[in-house]
Amino acid sequence: MKDFINVLKRFVPPYKKYVALNIAFNILSAILNLFAFALLIPILQILFRVDETVYTFIDWSWQPFSPDAWRAVPEIAKNNFYWYVNDLIATRGGSFTLVALGVGLVVMTFFKVLAMYMAFYTMIPIRTGVVRDVRNQINGKITELPLGFFSEERKGDIIARVSGDVNEIESSIMSSLDMLFKNPILIVIYLVTMFIVSWQLTLFVFILLPVAGYIMGWVGKTLKRKSLLGQSQWGALMSQIEETLSGLRIIKAFNAEKKIRQRFEQMNETFRRTINRIYRRQQLAHPMSEFLGTATIVVILWYGGSLILGNNSPIDAPTFIYYLVIFYSIINPAKDLSKATYSIQKGLASVERVDKILRAESDIKSPANPKPIALNEAIEYQDVWFRYQHEWVLKGIYLRIEKGKTIALVGQSGSGKSTFVDLLPRFYDAGKGSITIDGVDVRDASLHDLRALMGNVNQDAILFNDTFFNNIAFGVEAATREEVEDAARIANAHEFIMASEDGYDTNIGDRGGKLSGGQRQRISIARAVLKNPPILIFDEATSSLDTESEHLVQEALENLMRNRTTIVIAHRLSTIRNADEICVMHEGKIVERGKHDELLAIGGYYKRLCDMQKF
């Protein structure tokens with residue numbers, strides 16, 4: 001329960017007004033319920049003629065600040081109510097009195113159910129609001145966390161937390177909020193009334209309740225452990241689906257459909273068995289609480305009945321029936337409370353998984369007092385070292401990139417080229433050394449200002465399931481149609497965009513799936529053109545294209561690179577012949593640097609790379 005209270009402290013405070021209203025309506029509902037039940041006593045007394053007491057009307061004049069007067073209020077109210085009932089019987093008859101009491105019971109019940117509805121009504125904004133806030137926080141955290149966090153997590157598992165685990169929080173915890181706000185109030189008010197009616201019987205009841213509470217608590221703890229395992233298996237299942245969708249082309253090409261199906265079915269069956277155990281234990285709550293409640297009522301019937309039959313009971317028979325009605329009214333809230341407790345244990349397992357994202361700390365942060373940053377002179381890498389886990393990926397990199405120059409990075413796969421450029425926009429931070437722009441360390445500038453200086457065009461063009469216009473204008477606020485079209489013309493994309501069904505308003509599909517590779521790349525370039533950044537980063541932007549597409553994309557790149565500082569990662573060495581400087585990387589170090597002809601003359605790594613491509 002401590003974990004659940006912590007969850008409430010985190011997510012419920014914005015909805016304090018609704019919580020207060022919900023509690024108020026639940027209290028009103030419980031009190032009206034008690035008054036409705038209290039009408040049963042005179043009804044029973046009239047029907048069975050068991051009350052021969054003569055009641056005299058008592059004057060209500062009393063001192064408001066006198067403690068004795070306050071203590072006398074319940075007795076005076078009870079006495080005058082029975083006097084009125086007996087007077088009604090004497091003047092109008094028993095049948096009329098029964099009808100009047102029945103109408104009073106109906107009216108009281110109407111206001112009780114109205115209060116219950118208002119309690120439900122005020123709970124809805126809390127439930128839906130908290131779930132919305134959790135989703136917003138997760139999405140915000142995903143965009144805030146560095147790339148390194150997601151390199152260690154499976155995409156499918158993260159998707160499972162955003163979808164399955166948040167839904168589980170809604171269905172398990174949020175749906176239990178009403179029961180948890182309402183049931184303890186009902187139970188407390190009913191127990192207080194039971195103490196007032198007969199403290200002896202109520203003390204006897206309290207001897208029995210701890211046993212039932214211990215049994216239910218033990219079941220709840222085991223349920224949480226099983227739920228945590230089930231959510232982990234659900235994440236693995238979602239990861240498998242995500243991998244299947246991403247690799248569908250390869251799966252079909254290698255005739256691996258049967259293998260993928262068998263692997264998924266095996267994981268799905270394991271998940272099903274775990275869920276079976278969770279649901280079976282969860283469904284144990286209702287029958288267990290009903291059995292324990294019925295057994296307790298039987299014991300109370302025996303104990304109270306023996307007192308009444310022995311003529312030494314502190315209450316009469318109708319009041320004892322009223323007591324039993326109140327106690328039986330506790331059983332449903334107790335059952336709902338135990339059911340909610342089991343649901344919460346299941347939901348807390350999902351909270352733990354969601355918290356792995358929400359509580360993750362980003363080590364890539366803007367400084368408290370950021371320095372202004374702009375490129376007027378040069379970018380410098382000064383003795384830069386970096387590693388992802390244990391092995392150094394970059395080792396002592398020194399490089400100065402003058403403004404307006406084009407620097408090309410070449411080398412074998414795994415030599416550190418992509419890592420080199422990822423450090424500049426601070427997708428990762430250097431382990432040793434520093435990277436500066438005009439003498440300002442990139443770690444001393446705000447992330448927004450730093451990344452605003454740069455435009456990226458990657459090997460795999462990252463596009464969104466949206467229109468041409470919105471993909472080109474992505475990240476640029478208030479871009480006009482004219483600006484977007486100009487950017488598309490520079491990127492050699494305007495013609496094929498206009499040839500599409502709705503022009504710039506045409507949806508390009510998931511990840512630009514309706515476009516060819518060259519078209520996707522030119523949209524990506526148009527996006528960089530519109531941003532108009534002083535620094536450009538091209539990560540193998542033409543390596544996966546055919547010759548015709550490469551020519552068009554290369555022309556678009558050259559249009560974009562004019563008068564800009566550019567870092568190009570290239571496997572096709574023909575695309576970087578005119579670079580101002582080519583840096584050859586090998587095992588995390590820059591082993592050669594110079595212009596194309598100079599590096600060929602050296603006869604080292606670069607010449608071997610060129611010879612291999614010619615071959």
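**Strands, helices and a cavity in a predicted model**

Q: Which residue of β5 stands opposite Ile437?
A: In this predicted model, the residue of β5 that Ile437 faces is Val440.

Q: What makes strand β4 and β5 count as a pair?
A: Strand β4, which covers residues 432–437, is joined to β5 over two bridges in the antiparallel sense. Pairing asks for at least two bridges between two strands, so the two bridges found here meet that requirement.

Q: Why are β2 and β5 said to stand at the edges?
A: The open sheet to which they belong has four strands in the order β2-β1-β4-β5, with antiparallel pairing. Because β2 (392–402) and β5 (440–441) each have a single partner strand, one side of each is left without a neighbour in the sheet.

Q: How do you know which strands stand at the edges of the six-stranded sheet?
A: This open sheet runs in the order β6-β7-β8-β3-β9-β10, and its pairing is mixed. Its edges are held by β6 (454–458) and β10 (589–594), each of which has a single partner strand and therefore one side without a neighbour in the sheet. On average, and with direction ignored, neighbouring strands of this sheet are turned by 20° against each other.

Q: What makes β7 and β8 a pair, and in which sense do they run?
A: Strand β7 (residues 535–539) and strand β8 (residues 565–569) run parallel and are joined by five bridges. Since at least two bridges are needed for pairing, the five found here satisfy the rule. Leu536, for example, has Thr566 in β8 as its bridge partner.

Q: Why is α2 described as roughly antiparallel to α5?
A: Helix α2 (residues 16–38) and helix α5 (residues 94–144) pack at an angle of about 160°, and their axes lie 8 Å apart. Angles over 145 degrees count as roughly antiparallel, so the angle of about 160° places α2 in that class with respect to α5. The crossing in which α2 passes α5 is left-handed, and the residues of their contact comprise 18 nonpolar, six polar and one charged.

Q: How do you know what kinds of residue line the largest cavity?
A: A search of the whole structure for cavities of 30 Å³ or more finds one, and the largest cavity holds about 40 Å³ of space. Its lining consists of Leu423, Arg426, Tyr428, Asp429, Ala430, Ser434, Ile435, Val442 and Arg443. Sorted by class, this lining has five nonpolar, one polar and three charged residues; Tyr counts as nonpolar, and Asp and Arg count as charged.

Terms used:
Residues numbered from 1 in each chain as written. Predicted model: local features only at pLDDT ≥ 70, side-chain atom pairs only at ≥ 80, totals over all residues. Heavy atoms only, no water. Axes fitted to C-alpha atoms, helices over the stretch in contact; angles between N-to-C directions. Parallel < 35°, antiparallel > 145°, perpendicular 65-115°, else oblique. Left-handed = near helix turned anticlockwise from the far one by under 90°. 1 Å grid on protein atoms, 1.4 Å probe; cavity = no way out; pocket = protein on both sides within 12 Å on 5 of 7 lines; lining within 4 Å. Points joined across faces, edges and corners; volume = space filled by probe spheres on them.
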